Amino acid sequence: MITEKTSSSQNIVKIEKTLRGSQTFYVKVTQKPFILTVKKQDQNAYKGEDNLSVQVYYGEVKMAEQTIPDDGVIDASGLKMTEQKSEIKIDDPKLGIYKVILQDKTENADVITTSIEVNQSLLVFSPRMFVVDEKPTALWTNAKKLTLFTSHAPSIQAVKLDNKYDLKVKKEGQSFDFNLNKPEATDNTKDLHRFDIPKNDLIINGDGYFAFSRETFFNPEPIDMVDLSTVSDSEKIDYIIANYQPVKKEGEWKVAQAYFDPKDIKIDGDKLYFSLESPELNSYGGEIVIDNLEVTVKKPAWLIKSEASPSPTPAAKIGKPNLFQKIALFFQNLFSKKKSASQSPSDNLSPTTEPSLTMQPSPTPDPKKEITIQVFNSGAGKGAAGRFADVLKNAGFAKAEATNAASFDLKNANVSYNEKDPKATKELIEEIIGLLKKSYDIVKEDTKAKESGIIKVTLGENPKEVTPTPRANTSTPTPKPTTKL
């Protein structure tokens, strides 16, 4: 159940749905103080202590943390004790978006969250939810892609989307992907989609955010990100975010290059401006010494033949130029005017000369967003693959996905990839192994995989826990909140 209590002085969002394992949600804080109350209950289905860490972040700064301890039952009796509660109060918070992580410290998701309450009006979950409530659940989302998964045959079901379409989970142990952008699948003109889950027990992943009611939904990322190749009007673009090539070392100096295509830049007249910025550098008392800065502007290719140039075939019909053609023609005309003022008559192209079209280098795509990483659970305990996939996503690996292995008897961890695959660079492999070694003492490598574009990570029997750990910024003082357990 979700309730929203509204009065003249404050709003309250209270979610009383049963959520299993770790959860991440965002709260828009618009009033002071900020009070968060979380209740959890131990399932005691597995041996060991069942602790839940409640962490509150503003940006990358950890504002508060509490641990709800074990209920005192550490065997696998299944005995359920009374719910336990944690309350975090920040008296004078900065107004804005706060991230809350409920981190299940067990290896088998043996903790369930039974209640979440904040004295604010907006709360959304992302990127993964696991609802195990006994009553049907309704969720609202702005996601365009959904993945649904269940481990249990009784939870095979059809999820109703927008009260019209069935998203069918046909088999246990298998992920089912749904593209909500397809017209035949849903009404993609909606700002939010609703989907109703009759049986729950589904692990839900998506590329957006989720809320238990339309009224509590908000987008923590208000900046609208679009693929530049889909833009037809440059006036609607405020900023260009470009990838850059890795830094190279030349002696004691580090050298970096960046390429920007004119079609990706908003041009004002005939001047281009750029800046070099290093955020937070001054906070650490550091400086960057630049030995040399070289800017090269390359003239674009000629795109249209001279009218005097003979053509053996009829001229093709030229339609209205698109955005990129307009930008290319702008540069062509700009450089042509500058050249005509200084060149000698002998420099002109002859009427029979056919200019060539040259290609300029494009910005190098981020390899972390290109490579697919499949995480297999082969004996690491329930939920380990999903948790390590979250670790990878937090590290920037956008295409990390979790699944079960064919067998469950592996010891330690293994990374499999094709050593000749240009996407599986040494730096990426070393970073993945470094993340694994936070949980495993032994990580084996298999470089003879046949597939390219895929790195496979197999998690075997694991003496430690694989959980995503957000990085706190220690450069900013952390206000001390008032807490009550």
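These legends accompany a set of close-up views of one protein chain, shown as a predicted model.

**Figure 1. The whole chain, before we zoom in.**
The protein chain has 485 residues, and buried residues make up 38% of them. Its secondary structure consists of four helices and 28 strands. If you like contact maps, here is a useful number: of the contacts between residues at least 6 apart in sequence, 79% join residues at least 24 apart. The accessible surface comes to about 29300 Å², and carbon and sulfur atoms account for 51% of that area.

**Figure 2. The largest nonpolar core and another core apart from it.**
The largest nonpolar core has 45 residues, and those touching the most other members are Leu36, Val56, Phe125 and Ile204. Strand β7, which covers residues 61-68, gives the most to this core, with four residues. Another core, of 27 residues, lies apart from the largest one; among its members are Phe388, Ala389, Val391 and Val457.

**Figure 3. A closer look at Ile204 and its contacts.**
Ile204 is one of the residues that touch the most other members of the largest nonpolar core. Leaving out residues up to four places away in sequence, Ile204 touches Pro127, Arg128, Met129, Leu139, Leu146, Thr147, Leu148, Phe195, Ile197 and Phe210. Polar or charged names such as Arg128 and Thr147 thus appear in this list beside Leu139, Leu146 and Leu148.

**Figure 4. A cluster of phenylalanine rings.**
Six aromatic pairs turn up in a search of the whole structure. The view here follows Phe25, Phe125 and Phe212, which ring pairs link into a cluster. A pair of aromatic rings is described by the distance of the centres and the angle of the planes. For Phe25 and Phe125, the centres are 5.4 Å apart and the planes stand at 50°, so this pair is tilted. An angle of 50° falls in neither the stacked range, under 30 degrees, nor the edge-to-face range, over 60. The two rings come from distant parts of the chain: Phe25 sits in strand β4 (residues 23-29) and Phe125 in strand β11 (residues 123-125), 100 residues apart. Phe25 is buried, with a relative accessible area of 0%, and Phe125 also counts as buried, at 0% relative accessibility.

**Figure 5. The ring of Phe125 meets that of Phe212.**
How are the rings of Phe125 and Phe212 arranged? Their centres lie 5.6 Å apart and their planes are at 90°, so the pair is edge-to-face. Phe125 belongs to strand β11, while Phe212 is in the loop between β20 (210-211) and β21 (248-250), so the pair ties together parts that are 87 residues apart in sequence. Both Phe125 and Phe212 are buried. Phe125 also appears in the view of the largest nonpolar core, as one of the residues touching the most other members.

**Figure 6. Thr141, a buried residue with polar contacts.**
Thr141 lies in strand β13, residues 137-141. Is this threonine buried or exposed? Thr141 is buried, with a relative accessible area of 0%. A polar atom of its side chain lies 2.9 Å from the backbone nitrogen of Ala143. The Thr141 side chain also reaches the backbone oxygen of Tyr209, at 2.8 Å. Setting aside residues up to four places away in sequence, Thr141 touches Asp191, Leu192, His193, Phe195, Tyr209, Phe210 and Phe217. Two of these names, Phe195 and Phe210, are also among the contacts of Ile204.

**Figure 7. The salt bridge between Lys32 and Asp92.**
The whole structure holds 13 salt bridges. In this one, the closest N and O atoms of Lys32 and Asp92 are 2.7 Å apart. The pair links distant parts of the chain, with Lys32 in the loop between β4 and β5 (34-42) and Asp92 in the loop between β8 (84-90) and β9 (96-104), 60 residues apart. Lys32 counts as partly exposed, at 48% relative accessibility, whereas Asp92 is exposed, with a relative accessible area of 56%. The two labels differ because the cut-off for exposed is over 50%.

**Figure 8. Further salt bridges, at Lys14 and at Lys89.**
The side chains of Lys14 and Glu16 meet in a salt bridge, at 3.4 Å from N to O. Glu16 counts as partly exposed, at 30% relative accessibility. Another salt bridge joins the side chains of Asp91 and Lys89, at 3.6 Å from N to O. Asp91 is partly exposed at 41% relative accessibility, and Lys89 is partly exposed at 27%.

Conventions
Residues numbered from 1 in each chain as written. Predicted model: local features only at pLDDT ≥ 70, side-chain atom pairs only at ≥ 80, totals over all residues. Heavy atoms only, no water. Core = buried A, V, L, I, M, F, W, Y, C linked by side-chain atoms within 4.5 Å. Buried < 20%, exposed > 50% of the residue type's maximum accessible area, 1.4 Å probe, protein only. Helix = DSSP H or I, 4+ residues; strand = E, 2+ residues; numbered from the N terminus. Contact = heavy atoms within 4.5 Å. Areas by Shrake-Rupley, 256 points an atom, 1.4 Å probe, with all protein chains shown as cover. Phe/Tyr/Trp six-rings, centres within 6.5 Å; stacked < 30°, edge-to-face > 60°. Polar contact = N/O pair within 3.5 Å; in protein donor to acceptor, adjacent residues only side chain to side chain. Salt bridge = Lys/Arg side-chain N within 4 Å of Asp/Glu carboxyl O.
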